[in-house]
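Subject: Structure for your reading

Dear colleague,

Please find the structure below. After it I set out what was found, beginning with a contact between side chains.

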Amino acid sequence: MNILRHIGSYALMLSKTLKKPEKTRVFWSRFVREVSVMGIGSLPLVLIISFFIGGVIVIQTASNISSPFIPAYLIGFTTRQSMILEFSTTVIGLILIGKVGSSIATELGTMRITEQIDALEIMGVNSKSFLILPKIFALVFVNPLLTIFSIGIGIVAGMWVGDLTGLCPMKQYVLGVQYSFKMSDVTYSLIKSIVFGFIISSIPAYFGYFVKGGAVDVGKASTSAVVYTSIVLLFMNYVITQLMLL
Amino acid sequence: MIELQNIKKSFGDNEVLKGVSLTFETGSMNLIIGASGSGKTTIAKCMVGLHSPDSGKVLFDGRDFHNLNFKEQKNIRKDIGFLFQGSALFDSMTVEENVSFPLQMFSSLSKNEVKERAQMYLEKVGLSHALKLYPSELSGGMMKRVGIARAISAGPKYLFCDEPNSGLDPQTSVVIDELISSLTKEFNITTIIITHDMNSVMSIGQNVFFIHKGNLLWKGSSKEILTTKEKELTDFVYASSFLKEVKNQIISK
């Protein structure tokens with residue numbers, strides 16, 4: 001029953017959040033700020049993780065190919081597919097929950113317990129739309145870009161690692177990256193990243209916005225936000241995959 | 001004018017307000033006093049719509065706030081300034097941005113005009129030098145003054161102050177009281193202060209309302225408090241043995 005209550009409250013929150021901003025100029029300035037904080041702020045972490053994931057995929061794939069009948073270019077193919085289909089969306093998504101999601105829950109939770117949200121409400125500002133909408137828009141906009149960067153750096157890292165370790169010559173790797181390329185895989189990946197952007201921003205916002213109590217409760221809300229957002233993200237990953245790839 | 005008619009409010013089994021009726025005249029300075037947990041802040045939160053009363057009415061110039069639609073409530077809220085106990089300044093904004101915020105959201109003023117207005121109000125509260133500072137860089141007294149500047153920047157008709165002196169030293173408290181009092185007179189605002197600071201009551205208390213266990217037990221002026229026979233109020237006013245001693249000395253003279 002508790003979960004149904006949360007789903008209902010979350011839906012009601014979204015119905016108030018997804019409304020036309022009161023001042024478009026203020027909304028866009030907050031949007032740009034959120035893009036900068038959540039997007040550009042997360043870029044170094046995304047690039048570092050993607051670099052190592054790309055390299056590890058090459059080593060793991062190469063170490064599992066023992067048959068001389070399997071061509072080396074399959075290492076490039078596997079790296080590309082792994083990065084596009086799963087790592088750059090789902091794994092990066094899970095990492096962003098820890099970085100961005102917990103920060104959203106903490107920020108809104110702190111604003112709640114220090115009465116900053118009450119201050120907005122008393123002024124007549126739709127606090128949900130004012131605080132949460134720019135975050136949702138920003139992450140829905142920036143997450144696909146982060147995904148593209150992640151795919152790119154992962155594939156390039158794989159190429160360097162393959163070449164430097166001698167596991168896969170560069171020419172073979174590039175051939176594998178180009179082999180049987182389907183644009184629909186990229187579309188699938190970008191659709192996932194848009195949905196994940198929405199999930200990563202809105203669910204932690206729900207947990208933060210409705211915090212009651214003090215600093216300890218803000219911490220608990222942040223933890224709950226990470227746990228539940230991860231579960232929803234993995235569930236949606238399964239749903240989208242079944243809908244688009246089967 | 002703000003009128004409260006038989007306001008009742010409970011949180012679970014705890015009946016916080018047991019039918020409170022109050023009237024605040026336009027342009028008057030009103031102080032709601034009472035012990036911690038007596039229901040003072042709940043009254044203010046019911047008035048500004050942060051809590052919905054279980055029964056009773058809150059009338060702003062005759063309009064029943066809790067029976068209005070969202071848009072009509074919003075119009076009344078634009079006329080309300082609220083100073084929170086902890087100031088509730090937006091941490092992500094500078095002092096200037098905090099004070100500009102209500103103007104930015106609800107006025108049709110240009111960017112420069114908003115800036116000028118914010119600077120004018122910050123000058124009134126003596127903080128024209130702190131425009132670019134963030135709330136985390138301010139002292140408690142400065143935060144209260146920024147809170148006051150933000151509360152009055154959009155030209156409200158009603159100003160609510162929840163414990164404006166809590167956590168401040170006596171000298172800063174006097175400064176804050178005088179500031180609220182002078183702004184009330186200057187802009188003809190209906191001011192409602194929630195406090196248990198007797199210094200404030202004696203220095204700026206035009207109309208004083210004493211709330212005890214969710215009921216309005218007494219109302220009058222700050223001068224009348226000294227001569228009241230209401231036991232709960234005298235217990236509250238002369239809670240410290242020092243004040244009791246002073247009172248006894250005055251009586252014996």
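In this predicted model, the side chains of A:Glu115 and B:Lys45 form a salt bridge, with 3.6 Å from N to O. The salt-bridge rule accepts a separation within 4 Å, so this pair qualifies. Across the interface of chain A and chain B, two salt bridges are found in total. The interface also holds five residue pairs in polar contact, both residues being at pLDDT 80 or more.

On the side of chain A that touches chain B, the elements giving two or more residues are α2 (24-40) and α5 (116-123) of chain A. The element that gives the most there is α5(A), with seven residues. By character, the residues of this side of chain A comprise eight nonpolar, three polar and eight charged.

As for the extent of the interface, chain A contributes 19 residues to the contact and chain B contributes 25 residues. Together the two chains bury about 2000 Å², and 63% of that area lies on carbon and sulfur atoms.

A further feature belongs to chain B. Strand β9 (residues 207-212) of chain B pairs with strand β10 (residues 215-220) of chain B in the antiparallel sense, over five bridges. Within this pairing, B:His212 stands opposite B:Asn215 in β10(B). The two strands, β9(B) and β10(B), make a hairpin with two residues between them. In the turn, B:Lys213 has a positive phi of about 50 degrees.

Yours sincerely

Note on methods:
Residues numbered from 1 in each chain as written. Chains lettered and ligands numbered in written order. Predicted model: local features only at pLDDT ≥ 70, side-chain atom pairs only at ≥ 80, totals over all residues. Heavy atoms only, no water. Pairing = 2+ DSSP bridges. Helix = DSSP H or I, 4+ residues; strand = E, 2+ residues; numbered from the N terminus. Contact = heavy atoms within 4.5 Å. Buried area = accessible area lost by both parts, 1.4 Å probe. Polar contact = N/O pair within 3.5 Å; in protein donor to acceptor, adjacent residues only side chain to side chain. Nonpolar A, V, L, I, M, F, W, Y, C, P; charged D, E, K, R; others polar.
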